[in-house]
Amino acid sequence: MPTITINGVACEFKKGERILDIANRCGIEIPQYCYHPGLSVPAQCRICLAEVHAPNPRNDNKVEPMMGGKLLPTCATEASDGMVVFANNPKSVANQKAVMEYLLINHPLDCPVCDQAGECSLQDYSYKYGRGTSRFEETKVKQPKKDLGPNIYIYSDRCIMCTRCVRFTREIPGTGEIMIDGRGNRSEIDVFPGVPLDNDLSANVVDLCPVGALLDKDFLFSQRVWFLKSTPTIDGLTSSGDNLWADHNQNRIHRFRPRENMDVNTWWITDEVRYSWKHVQSDDRIQSPMRREHGVLIDTDWQRALDQMLEGVRDAGTLAVLISPMLACEEAYALAKLARTLDANALLAMGPVPVDGSDKHFDNPAAGRPFIARAEKAPNARGVQRVLNAIGGEITDFDGFCRALGHGSGHSNVGAVVITGNYPSTWATSALHHALGGKHVTLIDTLESDLVNDADVVLPSCTWLEKAGTFENAEGTLQAFDRALVPLGQSKSEGQIALDALAVLAGDDLDRPRAGYAAMIVDEGPGQVPAATASVATPLTEPFDAADVREEMAAESSALQVFMTDVATPPAKPKKQPDAPIVEL
Ligand code: SF4
Ligand code: FES
C-alpha cells in the first residue's frame, strides 16, 4: 500500500485520498476551516498549507520540494507514494499564524456571549496557532445580525468567509439560498432578496459553520456547550435511522447534531429530525400510572395498575396486543412474550405506520450515495415486524387488528386489549377508538390523548431517549442506541413494563425493592453538574437490559440471530475533560 509521511508519521493511504483526509484519519492535526469532506474543495482559507516534498521521477525519484518549495493546500493536494509533508515546520507555522492574524482582524471579541464558545475552531486555533496579541490598531469592520430563515440567524461579523454554508446549500439541498454579498473586508454572507434559508436541511449550516456566525434559533443562549453531555442515539421519528448526538444537561435535551455514519446519513440530518425531540419534554407527557375506578381515571401506583391490568386480561376472553412501530425490537419481543404468557392465542399486530408524502432524495456527491429524507414517520416498523414474524402465531396488521376487535369477526371474543403508542403526536384512528368499545383496555403511551378516555388502565412509557434498544431502518440496517435521559416521572420503558407485569404475575411485590436494584445511578460525566434532582423511577424488578434481551432473542429463534451478528452498536460517549474542575455555584 502507498505510504505518505506527515509531520514525521508514516500513514498508508488509498489512491485518490488528499493529504488532509489522511491526516484527519490518522489523527494528525493540520488546522482547517473551509475544508469539509462532504463538500467541494475551494482551498480558500489557506490555513492548511504545508510544505510538501515528493519523489521526482525526472531526478531518479529523489525526494524534492514540490512547486519549488511553495506551501501547498493539503486539502486540495492528492497524496502520492513517498510524499513527505511538513505541516509543523517554521514555514508552515508562520503561514498558520499569518492566517489566524488576518482572520482575527475584524472578528469581534464576543466569545463570552457566543453560542459557539467551547466548540469554536477559531477559538481553538487562536489558542494553538495564534499570536496571543493583536497588532491591529484600526477600527474593526462591524457587520449586522440577520434573520436568514425560520431556523437560522447570522451574526455576520463573526464570519470568516470559509463559504461552507454557500457550498452546502448549492451542493446538497440544491436550493442555493446563501450567497456572498460585497467584496473584500465588506463581504457578507446573506440570502438572496426574498429567498429565506428554508429548505429541509437548512440547519446543517449551523454544524458546518466553524465559528459562531450561523446560529440555531432553537439552541441560541440555551446552554454553554461545556455543560452538555453527548449520547449517541438514532433518529426516533422517521425510518431513516439517522445517527445523532443527543446533547443534554440535567436531564433535559438541548439539541440534536448529526453523527457521521457513511453507511446511513453521512454528515447530514433533516431539520425535521433535528427538532424531533420536542415532545420528550412536553407538558402533555403521562407521568403516573392511572386506573379506572367507578368510571373515573385516578392516579395509582405501578403495583395496583399492573394488578388491575392482569385482572382485566384474566377475566376477559382473547387478548389482543398492538405493538407500536415506535418501539425498539427488544421491547416488541418482551411485549409479545408477555402477551403469549397471558394468553397463548393472543392476537398480535403492529400499530399504524404514519407516512407523509414520499421520500426525498438529495444529491450528496462526495459520499457517493444520496441523502434521503424518509416519508415513513416511524423508526422501527421493519424491526417490529421482523420480531412478530419470528414469534409467529396469530399475527395481523393494524387494519386487521381493528377488524378483529369488531363484532362478527373471527376474533369477536377479544375481550382485553393492550395498546402501545409512543408517537410524537395524536395517532389513534377513529376505527381504533370504535373497536375498543366494550373491551378491557390497557394503554401504554407517552402523551395524553383521547385514547386515555377509552382506557381502564393507563401506564406511562418513556420515549426512545429514555431507554436503550435497537431500531431497523428503511434499508434494513439494525442499529442500537443508548439511553440519554432518566425516564420522566414514573414512566418506564415498554420493555420494563413487560418485565414488571411478568414479575407481578409470578407473585412479586413491586412495593418491595429487590436487593441490588434499589438505586439507579446517573452518569453525568466528569466535571459536570450532577442531575441529582432528576426524578428517578426506581426499578423494583429485574431491570430491562436491551443487550440481554438481544441474546435471548437470538437464542430463541434462528430468524432473530441477526440481533447477535448484525446490530451496529453506538460509539463510546465522548468524555469532555474541562481545563479546570467545574463547580456548582
Ligand atoms: S457564515 Fe460560517 S459557514 Fe458561512 S462562510 Fe461564514 S464562517 Fe463559513
Ligand atoms: S482547509 Fe485547506 S485551504 Fe481551507
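Helices (H or I, at least four residues) and strands (E, at least two) are DSSP runs, numbered from the N terminus. The model is predicted, so local features need pLDDT of at least 70 and side-chain atom pairs count only at pLDDT 80 or more, while totals for chains, interfaces and linings use all residues. Residues are numbered from 1 along each chain as its sequence is written, chains are lettered from A and ligands numbered from 1 in the order in which they are written, and side-chain values use heavy atoms, without hydrogens and water.

**Exercise 1. Find Asn61 and Met67 and describe their backbones.**

Step 1: Look in the loop between strand E3 (49–56) and strand E4 (62–65), where you will find Asn61. Its phi is positive, near 55 degrees, although Asn61 is a residue other than glycine.

Step 2: Move on to the loop between E4 and strand E5 (71–73), which holds Met67. Met67 is not a glycine either, yet has a positive phi of about 50 degrees.

Step 3: Is Met67 buried or exposed? Buried means under 20% relative accessible area, exposed over 50%, and partly exposed in between (1.4 Å probe, protein chains only). Met67 counts as exposed because its relative accessibility is 56%.

**Exercise 2. Trace the hairpin of E15 and E16.**

Step 1: Strands pair if DSSP finds at least two bridges between them. Strand E15 (residues 290–293) and strand E16 (residues 296–299) run antiparallel and are joined by four bridges.

Step 2: Which residue in E16 is the bridge partner of Arg291? The partner is Ile298.

Step 3: Two residues lie between the strands of this hairpin, and in the turn His294 has a positive phi of about 50 degrees.

**Exercise 3. Describe how H8 meets H9.**

Step 1: Axes are lines fitted to C-alpha atoms, for helices over the stretch in contact, and angles run from 0 to 180 degrees between N-to-C directions. Helix H8 (residues 329–342) packs against H9 at about 35 degrees, with the axes 9 Å apart.

Step 2: List the contacts (heavy atoms within 4.5 Å). From H8 come Cys329, Ala332, Tyr333, Ala336, Lys337 and Arg340, and they meet Gly383, Val384, Val387 and Ile391 in H9.

Step 3: An α-helix has 3.6 residues a turn, so residues three or four places apart point the same way.

Step 4: Check burial in H9 (residues 381–391): the buried residues are Ala381, Gly383, Val384, Val387 and Leu388. After H9 comes Gly392, with a positive phi near 75 degrees.
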